[in-house]
Structures are given as structure tokens and as C-alpha cells.
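Student: I would like a close look at one part of this model. Please take a single residue as the starting point and work outward from there.

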Amino acid sequence: MNKNMDLPMEETASSSSVQEKAFGVEMRQPNQKKMINKTWVESKMMWEIAAPAMLTAVSQFSIGFVTSAYVGHLGEVELAAVSIVQNVIEGFVYGVMLGMGSALETLCGQAVGAGQLNMLGIYMQRSWIITGITSLFLLPVYVFASPILKLLHQDKQISELAGKYAKWIVPQLFAYSINFPIQKFLQAQSKVWVMTIISVVALAIHVVLNWMLVSKLDHGLLGAAIAGNISWCLMVLAQIIYVVSGSFPEAWTGFSHSAFKSLAGFAKLSLASAVMLCLEVWYYTAVILMVGWLKNPEIAVDAISICMNLQLWTLMIALGFNAAISVRVSNELGAGNSKAAKFSVMVTVITSTILGVIFTGVIVATKNEFPKVFTGKEVVIKEASKLAYFLAATIFLSSILPVLHGVAVGAGWQMLVALINIGCYYIIGLPIGAVLGYKFDLGVKGIWTGMLAGSGLQIFILFFVIHRTNWSKEATQAEERIRTWGGSPHPQQTSLEHNMNE
């Protein structure tokens with residue numbers, strides 16, 4: 001006889017309820033363990049790419065950071081000249097070159113996921129051809145930097161000195177054309193630690209060269225330019241040696257005539273990537289130019305340049321996550337693993353945001369101290385300190401936005417993001433900044449408020465786009481893209497997808 005027959009009805013129901021709850025707990029525990037395990041596996045794969053990518057990005061950006069720090073002690077005009085070149089001239093060129101090389105993030109990443117390693121070397125050589133030609137078209141920007149800056153209504157003295165400095169750093173333009181395709185080639189295969197070591201060594205050499213040429217030998221801006229040229233050329237040469245030395249037997253089989261095939265189609269995808277990134281970089285350039293139109297431009301430009309340098313330095317951390325999510329999404333879509341791609345997005349966004357909150361707190365806590373790294377001028381230090389909260393807000397938003405852009409690159413949405421950039425930045429952000437900065441006489445703070453408005457709106461839209469994305473359809477499109485560019489793919493299940501299906 002069932003023992004429950006001897007119990008009151010209420011006790012029997014209570015016992016049944018307890019059993020159901022216990023069963024539910026037992027069911028949830030394996031699910032929770034599975035989710036924790038998936039998160040751990042994805043986090044590990046993400047950090048294996050993100051950590052060295054961060055160090056590489058920080059090291060390469062810090063070359064300009066070190067230059068500004070040394071030049072800042074030469075004088076206000078010298079710092080303003082170098083800042084204008086870095087934020088306007090190099091900002092423009094850097095965006096174009098990085099964008100033209102970023103087509104490899106989509107193509108190489110999806111090719112790796114599909115097991116088409118033999119196409120990576122061909123893709124990189126095509127990218128070298130395209131970025132090399134692009135650098136020739138961009139050369140006049142350096143040669144005629146002074147009249148260009150004057151045309152943009154920048155201070156005459158600053159523009160003339162900036163023009164001289166821009167001509168001296170032309171070798172760095174051609175270094176960019178080689179550097180970015182190599183980076184994408186290595187990142188797609190998650191082989192970035194050697195590149196990181198090379199970048200760190202180049203930065204150390206750059207510090208020594210600046211100390212010697214600028215501080216000890218007193219060569220001023222010319223010494224700073226020479227130090228930068230040597231550092232970039234050594235870094236690029238070391239990366240080339242690493243790639244062609246036999247470390248990638250499947251991906252690099254030597255120079256090939258195939259690199260000259262399908263250049264038009266490759267250039268089209270490269271151009272879409274360039275437009276997306278350029279609109280992003282030029283947004284910050286436009287802000288610098290708008291500040292240059294304010295009264296007392298030397299102090300205003302110096303103050304916002306100090307803040308932008310710090311913001312860009314922390315942005316390099318976010319770009320590590322940008323590289324990681326771009327590789328993870330492109331690899332998984334190339335392998336046909338739509339669920340794994342979607343899960344990667346969630347883990348990476350959360351991780352990057354947490355770090356962004358930490359950096360935001362550091363800036364607020366050191367608002368009266370961080371300007372002293374760049375200048376000893378009390379008036380500049382005071383002006384930069386006033387912008388600390390704007391800088392903190394920008395750093396927080398910049399911890400999220402690059403990750404969303406990385407998702408777009410990994411999935412091949414470059415042109416869509418370009419259109420979103422135009423609307424958020426140039427139709428909304430800059431006009432709001434102009435009205436607040438000039439019409440309401442809020443100066444730098446008004447201009448920066450407009451910048452924040454544009455960035456915040458773009459984050460909201462991109463989150464909406466990603467939420468509505470059909471990832472299975474994206475995987476199918478990736479398969480078609482690989483077939484078009486590199487032959488019929490044979491998707492292989494990655495370790496994360498295997499783990500998710502267990």
C-alpha cells in the first residue's frame with residue numbers, strides 16, 4: 001500500500017511539492033554548471049586573443065603617447081603642433097589605413113573558421129597591394145599638412161610647425177600600410193603573442209631614442225620624428241621576418257601572382273571597412289578642429305589633447321576586445337556555429353564594460369593629477385582637470401562601442417555601421433556640440449557633450465541591431481562569402497560549439 005494513503009491530503013500535497021522543487025533544483029544545477037563552463041571556455045578563448053591584442057595596441061599607441069610626453073616639455077606650441085598632427089593628420093591617415101586593412105578581419109577570420117588557411121597569405125598580399133597604393137594617395141596629406149591646417153582655420157604658428165613635423169614622419173605612413181594587414185593576418189589565427197613582444201620592444205626602443213634625441217641631444221621635434229620613424233620601421237621589419245620565416249606553413253606559402261587577382265572586389269570590401277572606421281576616427285578629429293576654433297586655442301587644444309590621449313590609451317584596451325570579438329564571431333560564423341557567435345558577443349560585451357567602469361573610476365579619482373604627465377603649465381593642467389568627468393564618461397562609452405564594432409566587422413556589417421556612424425555622429429553629435437559650444441558659449445564642454453550624445457546613441461542602435469540579428473542567416477552568408485573568395489568551405493566544429501552541444 002502507498003504510504004501516502006495514510007497521510008492527510010495536505011501533507012501528501014506538501015510532500016509532492018517538496019519533491020517537485022527538489023527535482024527542479026537538481027535540473028537547474030547541471031544547467032548552471034553547463035552555463036558556467038561555457039562562459040569559462042569562451043572567456044578563456046577571448047582573453048587568449050584580447051590580452052596580447054591589448055598589449056600590442058597599447059604599445060603601438062604609446063609610441064605617440066611617449067612622443068607627446070617628451071614634446072610637451074619643449075613648449076606649448078610644440079605640444080599643440082604635435083597634437084594637431086597626431087589627432088588630425090595622423091588620425092585621418094590612421095583611420096584610412098586601418099580601415100583598408102580591416103577587410104582581412106572578416107575574410108581571414110571566416111576563412112580560418114572554415115579551415116581555408118591556404119587563402120590567408122593571399123588575402124594579406126592583396127591587402128598589402130591595396131594599402132600600399134592607398135599610402136601613395138595619402139602622401140599629399142603629409143606634404144601639404146600646413147596649408148591644410150590653415151584652411152581648417154587652425155592657428156598659423158601651430159600649423160606651420162605642424163607642417164614641418166608631418167613631413168618628417170612620412171616613413172610612418174608606409175609602415176602603417178604593412179603593419180595593419182600583418183596584424184589582421186595574425187589575429188585571425190589567434191597568433192599574436194610574438195607581435196605583442198615585438199611591439200613592446202619597439203616601445204622600449206622608442207623611449208630610449210626620445211630620451212637621447214629630444215632630451216639629451218636637444219634635437220626637438222626633429223629628434224621626436226626620427227625616433228618615431230626608427231621605432232615603427234623596426235617593428236614592421238620584425239613582423240615581416242616572423243611571418244615569412246616558416247612559422248605559418250599552411251597560411252604563408254610565399255609571394256604569389258594570385259594576390260593580383262580579384263583586387264577590385266577585395267578593394268570594395270576594404271573600402272567599406274575604411275569608411276566605417278574613418279567615420280569613427282574622424283569624429284574625434286572633428287572635435288579637435290572645433291576646439292581649435294575657440295578663443296585661446298593653444299590652451300584649449302592642449303587641454304583636450306591631453307584628455308584625448310588618455311581616452312585613446314584606454315581605447316586601446318577596448319580595441320583588444322574589439323579584435324577578440326571580431327576573431328571569435330568571424331571564426332564561428334565561418335565554421336557555421338551561429339549559437340557560439342552569439343554567446344561570444346554577450347561574454348565580451350560584459351567583460352569590456354566591467355573594465356570600462358574601473359578605468360572611469362581611476363580618471364575621476366586622479367582628475368587633478370593626470371594632466372601633469374603631459375605638461376608642467378599650470379593653466380593647461382587646470383583646464384584639463386575641468387574636463388575629467390567628460391573624459392570619464394567618454395571612457396565608459398568607449399569600453400562598449402569598439403566591441404560592438406568588432407561584432408560588425410566579424411559579421412561583415414561594415415557598411416551598415418558606416419551609415420549608423422553618419423547619422424549618430426555627423427547629423428546629431430557634431431551639430432549638438434557646435435550649438436552648445438558656440439551658440440551657448442559652453443566651449444570645450446559643450447563640444448564634448450555633443451560627442452557623448454553621438455556615441456551613446458550609436459551604442460543604443462547597435463545593441464538593437466545585434467539583438468534583432470538572425471545569427472543562423474549570418475552563418476549562411478559567411479559560407480557564401482568564403483565560397484566566393486576562397487573555394488568551397490568545409491566548416492569544422494570549434495571547441496566552444498562542441499562544448500555547447502555536450
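Tutor: The model is a predicted one, and the starting point is I226, which is found in helix α9. I226 has a relative accessible area of 34%. The range between 20% and 50% is called partly exposed, so I226 is partly exposed.

I226 also belongs to a nonpolar patch on the surface. The patch covers about 630 Å², and the other residues that make it are W168, I197, V201, I205, L222, I230 and L234. Two elements, α8 (193–216) and α9 (220–244), each give two or more residues to this patch. Of the elements, α9 gives the most, with 4 residues. The helix that holds I226 is therefore also the main contributor to the patch, as α9 supplies 4 of its residues.

A second position to look at is A175, in helix α7, which spans residues 170–188. The relative accessibility of A175 is 6%. The cut-off for buried is under 20%, so A175 counts as buried, whereas I226 is partly exposed. A175 pairs in space with W232: their C-alpha atoms are 6.4 Å apart, although 57 residues separate the two in sequence.

From the surface patch, the next topic is the interior. The count of cavities of 30 Å³ or more comes to 6. The second largest cavity has a volume of about 70 Å³. Its lining consists of T314, L315, I317, A318, F321, S352, L355, G356, F359, I395, S398 and S399. Three elements give two or more residues each to that lining: α11 (297–334), α12 (338–365) and α14 (388–398). The largest share comes from α11, with 5 residues. By class, the lining of the second largest cavity has 7 nonpolar and 5 polar residues, and no charged ones.

Of these three helices, α14 can be followed further. In α14, the buried residues are A388, F390, L391, A392, T394, I395, L397 and S398. Because 8 of its 11 residues are buried, α14 is largely enclosed by the rest of the structure. Two residues of α14 appear in both lists: I395 and S398 are buried, and I395 and S398 also line the second largest cavity.

To put the parts side by side, I226 is partly exposed and is one of the residues that make the nonpolar surface patch. A175 is buried, and α14 is largely enclosed and gives two or more residues to the lining of the second largest cavity.

Definitions and conventions
Residues numbered from 1 in each chain as written. Predicted model: local features only at pLDDT ≥ 70, side-chain atom pairs only at ≥ 80, totals over all residues. Heavy atoms only, no water. 1 Å grid on protein atoms, 1.4 Å probe; cavity = no way out; pocket = protein on both sides within 12 Å on 5 of 7 lines; lining within 4 Å. Points joined across faces, edges and corners; volume = space filled by probe spheres on them. Nonpolar A, V, L, I, M, F, W, Y, C, P; charged D, E, K, R; others polar. Patch = residues over 30% accessible without salt bridge, like charges linked within 9 Å, V, L, I, M, F, W, Y side chains within 5 Å. Areas by Shrake-Rupley, 256 points an atom, 1.4 Å probe, with all protein chains shown as cover. Salt bridge = Lys/Arg side-chain N within 4 Å of Asp/Glu carboxyl O. Buried < 20%, exposed > 50% of the residue type's maximum accessible area, 1.4 Å probe, protein only.
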